[in-house]
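This report describes a single protein chain. It begins with the charged pairs and proceeds to the aromatic rings, the surface and the nonpolar interior.

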Amino acid sequence: MKGDMKEGESAKEGTKDRHNESARQMRGVGLACGIFVCLISYGYFQEKIMTGQWGDDKVGGKHISSVFLVMCNRVTSMTIAVIGIMSQGEAFAPGAPLTAYSAIAFSNMMATTCQYEALRYVSFPTQTLAKTAKMIPVMIWGTFLAKKTYKIKDYVVAAGVTVGATFFLLTGDVTAKQAKSSKNDTSVMGLSIMIAYLFFDGFTSTVQERLFKDIKVSTWNQMLYVGLLSALVTGFVSGVNTQGNGGVPAWDPDLYSHILALSLSAAIAQIFILILIKEFGALIFATVMTTRQFLSILLSCIIFMHPLTLGQWAGTVLVFGSLYYKTLSARFGGKGCDKNNRNTSEPATTQERQPLGDAEMQPNSSPQRTSL
């Protein structure tokens, strides 16, 4: 009798465990779908704003201020951070010296501004694919600033991404539609801006990890003060530049509704990202983000009619194939890519979970870190 009772209890526990695992998997799918919807929407509104026509005179997207868009994003992320701090009962005082936040805020602000500005010169698929190469500057900064060492596998992946991106650039047109009428070679300008983006973004990741390595600061606190410092600078620039590309756009309900949607989609995505990494780890997050990037390129080609050549599709497949290989090899190998061999399938640290008030900033600062 006792044996039967134990077997019955074991069967119930097994059923309960399977039910809990199924619920957990469904939750993970829901979080991934939330990230897909928010960040694909973010990419859509980003391209729509920077390439669209707004106002009664149908002024082109080239007159929309990238700095102003960054300010809107930061104000929205600050609002989310305040809600997070209040819900967690945290203190509003800075958790670290403001000088520690300022370097990250500046480089993060510059990276996002370059990201938006590049769309004046190159197509969205080109911009998105170029951002996948951010693992390269992260490795460079990590080597010189953080004294990290990387495995041969990491260099192989970096080479695959570099070759794929180069193949994409050399086998088809990469110029933005609204820039094709220009007599100047706008693609060179756009690619130069994307190089600047990679520089600042890689710097942000490395400095963030170093500055907050020994300082316990909550995610919401970092988001609040990085967003605040960025908002102050971008707000000042937008305020003093009442004319030209640096100022506040003239009132257009359609434009401002798109800007609000852009900022909200970025801010809400951060919540999904934080929960996904906390509950499922950095590897699942990397897989989700890599898939999201590919879907963004595909949908942009369909919605905004960006025809890609066969060579460009081959380059795209090589880039994302390298990123998937990186994620899958880390998952089944059980080891991360840094010299400490931390298992990257474990939940990420505070630094890795921090999106810095921008959906473009990824929580994982290792080379595995993928981009939007």
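## Salt bridges and overall fold

In this predicted model, D154 and K326 form a salt bridge in which the closest N and O atoms are 1.9 Å apart. D154 belongs to helix α6 (residues 152–170) and K326 to helix α11 (residues 310–333), so the bridge ties together parts that are 172 residues apart in sequence. Are the two partners buried or exposed? D154 is buried, with a relative accessible area of 0%, and K326 is buried as well, at 4%. Each value counts as buried because the cut-off is under 20% relative accessible area.

A search of the whole structure finds three salt bridges. Another of them joins the side chains of E279 and R27, at 2.8 Å from N to O. This pair also links distant parts of the chain, with E279 in helix α9 (residues 253–280) and R27 in helix α1 (residues 2–51), 252 residues apart. Here E279 is partly exposed at 33% relative accessibility, and R27 is partly exposed with a relative accessible area of 43%. There is also a salt bridge between the side chains of R120 and E117, at 2.5 Å from N to O. R120 is buried, its relative accessible area being 7%.

The three bridges are set side by side below.

| Salt bridge | N to O distance | Relative accessible area |
|---|---|---|
| D154 and K326 | 1.9 Å | D154 0%, K326 4% |
| E279 and R27 | 2.8 Å | E279 33%, R27 43% |
| R120 and E117 | 2.5 Å | R120 7% |

The protein as a whole has twelve helices and two strands. Along the sequence, the order of these elements is α-β-β-α-α-α-α-α-α-α-α-α-α-α. Of its 372 residues, 51% are buried. Among contacts with a separation of 6 or more, residues 24 or more positions apart account for 83%. The exposed area is about 17000 Å², of which carbon and sulfur atoms supply 66%.

## Aromatic pairs

The count of aromatic pairs comes to seven. One of them is formed by Y44 and F45, which meet edge-to-face with 5.2 Å between centres and 70° between planes. Y44 is partly exposed at 29% relative accessibility, whereas F45 is buried at 18%. F199 and F200 form an edge-to-face pair too, with 5.3 Å from centre to centre and 85° between the planes. In this pair F199 is partly exposed, with a relative accessible area of 41%, while F200 is buried at 17%. Which residues do ring pairs link into a cluster with Y44? The cluster consists of Y44, F45 and F304.

## Helix α10 and a nonpolar surface patch

L299 is found in helix α10 (residues 282–303). Beyond its neighbours within four places in sequence, L299 is in contact with I40 and F304; F304 is also a member of the ring cluster. The C-alpha atoms of L299 and Y44 are 8.6 Å apart in space, although the two residues are 255 residues apart in sequence.

L299 is partly exposed, with a relative accessible area of 34%. Together with L298, I302 and I303, L299 makes a nonpolar surface patch of about 340 Å². I303 likewise lies in helix α10 and is partly exposed at 48% relative accessibility.

## Nonpolar cores

In soluble globular proteins, nonpolar side chains tend to be buried together. The largest nonpolar core in this model has 34 residues, and I49, L69 and I259 are those with the most contacts inside it. Helices α1, α2 (66–88), α3 (98–118), α9 and α10 each supply at least two residues of this core. With which residues is L69 in contact, leaving aside its neighbours within four places in sequence? They are I49, M50, I64, Y116, I259 and L262. Two of these partners, I49 and I259, are themselves named with L69 as having the most contacts inside the core.

Another core, of 26 residues, lies apart from this one and includes A118, Y150, F200 and V319. F200, a member of this other core, is also the buried partner of F199 in the edge-to-face pair described above.

Notes:
Residues are numbered from 1 along each chain as its sequence is written. This is a predicted model: local features need pLDDT of at least 70, side-chain atom pairs count only at pLDDT 80 or more; totals for chains, interfaces and linings use all residues. Side-chain values use heavy atoms; hydrogens and water are left out. Helices (H or I, at least four residues) and strands (E, at least two) are DSSP runs, numbered from the N terminus. Buried means under 20% relative accessible area, exposed over 50%, partly exposed in between (1.4 Å probe, protein chains only). Contact means heavy atoms within 4.5 Å. Accessible areas come from the Shrake-Rupley method with a 1.4 Å probe; for residues, only the protein chains shown count as cover. Rings of Phe, Tyr and Trp (its six-membered ring) pair if their centres lie within 6.5 Å; planes under 30 degrees apart count as stacked, over 60 as edge-to-face and the rest as tilted. Patches are made of residues with over 30% relative accessible area and no salt bridge: like charges are joined within 9 Å, nonpolar side chains (Val, Leu, Ile, Met, Phe, Trp, Tyr) within 5 Å. A nonpolar core is a set of buried Ala, Val, Leu, Ile, Met, Phe, Trp, Tyr and Cys residues joined through side-chain atoms within 4.5 Å.
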